[in-house]
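Student: Please take a close look at one part of this structure and then place that part within the rest of the chain. I would like a single connected account, with the criteria stated as they arise.

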Amino acid sequence: MGSSDPMSFNVINEIREQSSPRNADDYPGLREQAMANLQKPILPNINVPERIIVCLDVCCDNQNSLYRLGDGTTFSPLNMLKRVLDFFIHSKHTINKRTEFALIILKDASAFLVHNFTNNIRDIIHTIDFVNAEESVSETFDFKHVFDIIKQEVEIPEYKQSECMIPPPYIVRMVVLYARSKCVPFIAQDDSYLTFLKIQMYFYIDILFAHEDECNLFKCEEIYDSLQNLDNGYSYVFEVSRNAAKIHESIAKLLAHPLQRLLQKNTDYGFGTRC
């Protein structure tokens, strides 16, 4: 078939159309994702050290409500949280040995800083291991107790627009592991310090809500909605029932560095290419 054959021109044009760059409109959601990322503040995309506040809830509604591994091993709610924290802390330390950890525990109606920042993971894990479970009695938990500790004990690097590409010495992240299914957290949106925290470019709050299976008998949805009030748009928020695989998967997703990760709504944990 000669080059002047009309069929050859049709084939060539078809190949060009298939290989030419697509418009954003050809991919649903691509434009929205691009705009969302453009709206993020300009921050250095660098793995600077993290100071991670582990905010561990030691109360739950039923210690006999167990997680079960594939081999049949069972864990109480608090012991499962300890297990995934062990994985999280060791993994973060492997990624960056300058990562530091502090521990705040949430009791029934109060919060306590039981270990300040350290990069000695043996010390922090030892402290976590010796935390005991407590009964949940109160109907609400006021997160002001947590904010007061952060205000007194934690220094957050200042963000300056004129120096936005200069890496901070570290960033601060609080990882909240909330384990109650009846006690609704109270998070006052007019709290002046929470407002301050939400505008800090080098402070992040991530949430893992581990709740009972039968949510219709508890307040899981109400609690989840309330915890969302901690989110300033850059948080990662996960909820999981008594599913051992899913709670490990969720804590693994929190390994990503806040300065290097996408917005949660734009993440894709699939493998391979999509057609």
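Tutor: Lys 253 counts as buried because its relative accessible area is 18%, and buried denotes a value under 20%, exposed a value over 50% and partly exposed anything in between, with a 1.4 Å probe and protein chains only. The model is a predicted one, in which local features require pLDDT of at least 70 and side-chain atom pairs pLDDT 80 or more, whereas totals for chains, interfaces and linings draw on all residues. Residues are numbered from 1 along each chain as its sequence is written, and side-chain values use heavy atoms, without hydrogens or water.

Lys 253 belongs to helix α8; helices here are DSSP runs of H or I with at least four residues, strands are runs of E with at least two, and both are numbered from the N terminus. Beyond residues up to four places away in sequence, Lys 253 touches Tyr 236, Phe 238 and Tyr 269, where contact means heavy atoms within 4.5 Å.

Helix α8 (residues 244-253) also packs against helix α3 (residues 77-95): their axes come within 10 Å and cross at roughly 35 degrees. Each axis is a line fitted to C-alpha atoms over the stretch in contact, and the angle, on a scale from 0 to 180 degrees, is taken between N-to-C directions. The α3 and α8 crossing is right-handed, that is, the near helix is turned clockwise from the far one by less than a right angle. On the α3 side, the contact involves Met 80, Leu 81, Arg 83, Val 84, Phe 87 and Phe 88, and α8 contributes Ala 244, Ile 247, His 248, Ile 251 and Ala 252. By class, these residues comprise 9 nonpolar, 1 polar and 1 charged; Ala, Val, Leu, Ile, Met, Phe, Trp, Tyr, Cys and Pro are taken as nonpolar, Asp, Glu, Lys and Arg as charged, and the others, including Gly, as polar.

Other sites show how further segments are joined. Ser 181, in the loop between β9 (171-178) and β10 (184-186), is buried, since its relative accessibility is 0%. Outside its neighbours within four places in sequence, its contacts are Asp 61, His 211, Glu 212, Phe 218, Lys 219, Cys 220 and Ile 223. With Glu 212 there is a polar contact, from the side chain of Ser 181 to the backbone nitrogen at 2.9 Å; such a contact is a pair of N or O atoms within 3.5 Å, one able to donate a hydrogen and the other to accept it within protein, and residues adjacent in sequence count only if both atoms are side-chain atoms.

Tyr 170 sits in the loop between α5 (144-153) and β9, and is likewise buried, at 10% relative accessibility. Its side chain forms a polar contact of 3.5 Å with that of Arg 51, and a polar atom of the Tyr 170 side chain lies 2.8 Å from the backbone oxygen of Glu 155. Arg 51 is also among the residues touched by Glu 100, which lies in strand β5 (residues 100-106).

For the protein as a whole, there are 8 helices and 12 strands, and 44% of the 275 residues are buried. Of the contacts with a separation of 6 or more, 79% are between residues 24 or more positions apart.
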